[in-house]
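Grab a viewer and work through these exercises with the structure open. Each task comes with a solution that goes step by step.

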Number of protein chains: 2
Amino acid sequence: MPDRVAVLAHGKFPDRSKTANGIVRYADYEVAAVLDRDRPGERVADHLPGVPDAPVVESFADVPGDVDALVIGIAPIGGGFDESWRPDVRAAIEAGCDVVSGLHYFLSDDAEFARLADEHGVDLRDVRRPRDGLTVARGRADEVSADVVLTVGTDCSVGKMTATMELVAAAREAGVDACAVPTGQTGIMVEGWGTPVDRVVSDFTAGAVEEMILEKGDDHDLLVVEGQGSVVHPAYSAVTCGILHGAMPDALVLCHAAGREAVHGYEDTPLPPVGEYVDLYESLAAPVHGTEVVAGALNTADVAGDDAARDAVGAFADGIDAPATDPVRFGAADLVEAVR
Amino acid sequence: MPDRVAVLAHGKFPDRSKTANGIVRYADYEVAAVLDRDRPGERVADHLPGVPDAPVVESFADVPGDVDALVIGIAPIGGGFDESWRPDVRAAIEAGCDVVSGLHYFLSDDAEFARLADEHGVDLRDVRRPRDGLTVARGRADEVSADVVLTVGTDCSVGKMTATMELVAAAREAGVDACAVPTGQTGIMVEGWGTPVDRVVSDFTAGAVEEMILEKGDDHDLLVVEGQGSVVHPAYSAVTCGILHGAMPDALVLCHAAGREAVHGYEDTPLPPVGEYVDLYESLAAPVHGTEVVAGALNTADVAGDDAARDAVGAFADGIDAPATDPVRFGAADLVEAVR
């Protein structure tokens, strides 16, 4: 894990920089600066309330003080490398920094970066490259001593990673030895370990999750597994289903975004009523490992005002017949209660 | 597609050579011989009734007449290459034959075979290597003009590939322009095309199936998609779920093996009642594309006598509340009726 990093988010901070924002909000390491050439001179705190502040700078050369790593905090559609970022990556390597990337384009396969990294003795960490040696699940995740909670969703981008991190933080505050199990690039960058489950061979989807749970499950009292996608997503349901069966969770937290009515990017596919998700996740999990939705996490970022947000949370709780909250707006203490 | 092949099944024919048996039974090309060094002098027809006969021989040198290809028809646990097969693969390449393999170990990555294949101008076809350029599903498989039927299962190895091939053959006999959509190694070897969906990047599971349906769906009246695994399999449910949502099938055929009570290889995980699978598959599919289980295919190979098999089929039909048959023992005409 680095101590102090710069986060590259050119042209996309803060509205289209989900990974950068997650790092700023949840990583234990210090963010020295966010790189966005469109906003030099601004501050992180101008845009993201309640997170550690940092300057927004134009390029790597403007990052104040020493950093250990440059983290690529955005992803263009398709996950390619934007050539306009090359000077910053080059400068970081030449300054002796590791570079951490979740792009589909692997920096360690880039001839210039590989050569420079070798010259300067730094690591290029492509977190989206699954490690070798993954295999099929053995149906053993229920053997660990920790309680296992999985965040599941009604869709992509509804706040599963956020709910995972908020639940772990709140559990720790309540004195529970909790550990996040990251399955996606942002979670992996925040926690410094994990497997990008959406990039593994499909036959090993459940196995990749099981392996992480077996690795950590006897060292903690509570594991919170970061879910992906949705079990009725036209493209990503395979990943969701593999995580559900591989994790063998004791409890589920259903995540939803207030106002979301259709699958993001598949607008002619309406979301089923939230209560239907409860039945689907529970009935699909049951033959492998019985579990239930014990709480809901509603993302109310697009709801104006706490009163309206509270109403939305109440309606969501009624729909899923379980307690609910917005863990960012109202805190995650209720989630901790529900999963214990 | 080859015209005439030899099929390697050393030490495993016929009881542990699922791929070899599928090729002998369903491929349009001729099988000149099965290689099994434990049974030289025997005949395929001694073991597999109702299929085109061929001799069982000790090595590639004993194959009668010329063949186009050697097909690896067995897989050791783990999918490795058994070094005892090397002389036969070498002999085949030196005789100018292509070699077709579904092993996880890619023959085209083997230095000796790659060099020999180059020298002799033959192809090493690793059918388990997915092609490049796969991507996420767009939710468009329902746009094709063909009716799409998907075989789904209560478990692995219950007869989904067999039901697929029998249904396509029976549909053609009934005058329907039907096409199999192969998703696993045996189906791909039989049909000469297809994508090994269990080997693709998990995010592309549904997309790999959608792409095949878009490729073939306007050229035929009926597509029968070969399913994989089971939606409640501890290890493989991701693949099953991705196929279900990627294929957007109009109808499902539920496949089951008579007497199977627990997940194969996960004996402490009992199978749910067959009727529960109907609910699970239909409710999981519905939010993406509504479908229903219109028929069942019961594998009664382990049931002694047609009367007992007929009773087992009847009980299965009652359990799923749909017509059922054993397509191998009793023919697939009823399945054709059910899916039209």
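**Exercise 1. Work out the strand order of the open 6-stranded sheet in chain A that contains β1, and find its edges.**

Step 1: in this predicted model, the order is β3-β2-β1-β4-β5-β6 of chain A, with parallel pairing. Strands here are DSSP runs of E with at least two residues, helices are runs of H or I with at least four, and both are numbered from the N terminus. Two strands count as paired if DSSP finds at least two bridges between them.

Step 2: look for strands that pair on one side only; these are β3 (56-57) and β6 (124-126) of chain A.

Step 3: check the β3 end. Strand β2 (residues 30-35) of chain A runs parallel to β3(A) and is joined to it by 2 bridges. L35(A) has V57(A) in β3(A) as its bridge partner.

A word on bookkeeping: residues are numbered from 1 along each chain as its sequence is written, while chains are lettered from A and ligands numbered from 1 in the order in which they are written. Since the model is predicted, local features need pLDDT of at least 70 and side-chain atom pairs count only at pLDDT 80 or more, whereas totals for chains, interfaces and linings use all residues.

**Exercise 2. Describe how the two domains of chain A meet.**

Step 1: split chain A into domain 1 (4-126) and domain 2 (141-339); such bounds come from an automatic or database domain assignment.

Step 2: take the centres over C-alpha atoms, and you get a separation of 27 Å between domain 1 and domain 2 of chain A.

Step 3: list the contacts (C-beta atoms, placed from the backbone, within 7 Å). Domain 1 of chain A gives 9 residues and domain 2 of chain A gives 6 residues. On the domain 1 side, helix α1 (residues 18-26) of chain A has the largest share, 5 residues.

**Exercise 3. Find which strands pair and which helices pack in the chain B sheet with the order β8-β9-β7-β10-β13-β14.**

Step 1: this open sheet of 6 strands has parallel pairing. β8 (178-181) and β14 (324-325) of chain B each have a single partner strand, so one side of each lacks a neighbour in the sheet.

Step 2: pick a pair inside the order. β7 (residues 147-153) and β10 (residues 251-257) of chain B pair in the parallel sense over 5 bridges, and V149(B) has A251(B) as its bridge partner in β10(B).

Step 3: add the helices. Helix α7 (residues 205-216) of chain B packs on the sheet, touching β7, β8 and β9 (222-225) of chain B, with its direction at about 160° to that of β8(B). Helix α10 (residues 306-320) of chain B touches β10, β13 (292-299) and β14 of chain B, and its direction makes about 155° with that of β13(B). Axes are lines fitted to C-alpha atoms, for helices over the stretch in contact, and angles run from 0 to 180 degrees between N-to-C directions.

**Exercise 4. Determine how chain A is related to chain B.**

Step 1: superpose by least squares on the C-alpha atoms of residues with pLDDT of at least 70 in both copies. A turn of 180° and a shift of 0.1 Å along the axis lay chain A on chain B with an RMSD of 0.1 Å. That's the relation of a two-fold axis.

Step 2: compare the surfaces; 100% of the contact residues of chain A recur in chain B.

Step 3: count. 32 residues of chain A contact 32 residues of chain B, and α7(A) gives the most to the chain A side, with 6 residues.

Notes. Contact = placed C-beta atoms within 7 Å.
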